[in-house]
Structures are given as C-alpha cells and as structure tokens.
Amino acid sequence: MDRRGRTNQTRRRVVRIAAVTFAAAVAIVSTGCAPTLAVQGDSRTLAAYSGATLWAKMPEHVDVTTAAAAGEVALVERGYVIYRREGTSGRSVVIGKTPAAGWRRHVDRTAEVRASQRRGGVRVEVSISPVPSQAESRAIFDAMLARLGI
C-alpha cells in the first residue's frame, strides 16, 4: 500500500470516529433535556430526572431539616462519607463522597442532596458527579423516602 492509500485510510478512520462521537453527543444532549418522570416510594411521590439532577416535591408534613437528615442517612447507608453539611430551616445541603482508597481515588463520586423550602412545599434535589447517574440518584431518593416512611 502506498502513502496515499494510508492517508485515505487514516482520513476514513478519523471521519468514522468523529461521526460516532457526534452521534453519541447528540444522544446525550437530546435525552438530557426532556425530564424522565417516575413514581417513587410507597406514597407514590413523583420524581423527575433532568440534566444531571433528580428533583421532587416532598409531602406536606416533611420540612427541610427532616429531608436533609434523611438524605444524610441515605448517603451513609449507600457507602458515602459525609464531606459537608450545612443549612438552615429554609435550605440545606448534604454532600457525600465515596471513600478514596487505593484505585478508587481515581473514580470517586460525589452525591449532593439539597432541600429547599418553596411556595408549594419542600423541594429535594439529588445529583451525582462527576458522571451523572439517574439510577444512583433514584436509589438515594428511595432510601430517603424509606427512612421517612413515605
């Protein structure tokens, strides 16, 4: 094969890789815009996952501090180490990280549970980073609801 043949083969390979990368990016962006709704917990709480965040309105009897405490317990039960917690009666944030030991220090994840008072009640948001995970966010939210008996 001459030099021109290798160059054309390399170009085709680069174009193929670019096309696959572009298709993957379009798939990620298009699915990230429309919220995914699902009913969770025994009380049939509706939770939406959009972008990289799961959010839901809590039942009327749950206040911000109770939701944040349930979020903290849910994170600990799932193996996260509480990195930071702060809040008031109107807004709370609990951040948990996976234990960074051995090879896991390169793949540690952060889970953030936010609770805030809104006009219609308490809104809870759960997000996972650096790689978002709807399944993990929903599992944490389910654990919160179970802890609250909802």
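This briefing covers the sheet, the helices packed on it and a few side chains. The model is predicted. Its seven-strand sheet is open, and the strands pair in an antiparallel way. Helices α2 and α3 both contact strands of this sheet.

**The sheet**
- From one edge to the other, the strand order is β1-β2-β3-β7-β6-β5-β4.
- The edge strands are β1 (36–40) and β4 (81–87); each has a single partner strand, so one side of each has no neighbour in the sheet.
- On average, neighbouring strands are turned by 20° against each other, direction ignored.
- Strand β6 (residues 110–118) and strand β7 (residues 121–129) run antiparallel and are joined by nine bridges.
- Ala-111 has Ile-128 in β7 as its bridge partner.

**The helices**
- Helix α2 (residues 64–77) packs on the sheet and touches β4, β5 (91–97), β6 and β7. The direction of α2 makes about 165° with that of β6.
- Helix α3 (residues 134–148) lies across β1, β2 (45–50), β3 (53–57), β6 and β7. The angle between α3 and β7 is about 140°.

**Leu-37**
- Leu-37 is located in strand β1.
- The relative accessible area of Leu-37 is 56%, which is over the 50% cut-off, so this residue counts as exposed.
- Leaving aside residues up to four places away in sequence, Leu-37 touches Leu-46, Ala-47, Ala-48 and Arg-138.
- Leu-37 and Leu-54 are 17 residues apart in sequence, and their C-alpha atoms are 9.4 Å apart.

**Aromatic rings**
- Zero aromatic pairs are found in the whole structure.
- Lys-97 lies over the face of Tyr-83, 4.6 Å from the ring centre.

Definitions and conventions: Residues are numbered from 1 along each chain as its sequence is written. This is a predicted model: local features need pLDDT of at least 70, side-chain atom pairs count only at pLDDT 80 or more; totals for chains, interfaces and linings use all residues. Side-chain values use heavy atoms; hydrogens and water are left out. Two strands pair if DSSP finds at least two bridges between them. Helices (H or I, at least four residues) and strands (E, at least two) are DSSP runs, numbered from the N terminus. Axes are lines fitted to C-alpha atoms, for helices over the stretch in contact, and angles run from 0 to 180 degrees between N-to-C directions. Contact means heavy atoms within 4.5 Å. Rings of Phe, Tyr and Trp (its six-membered ring) pair if their centres lie within 6.5 Å; planes under 30 degrees apart count as stacked, over 60 as edge-to-face and the rest as tilted. A charge sits over a ring if NZ of Lys or CZ of Arg is within 6 Å of the ring centre and within 35 degrees of the ring normal. Buried means under 20% relative accessible area, exposed over 50%, partly exposed in between (1.4 Å probe, protein chains only).
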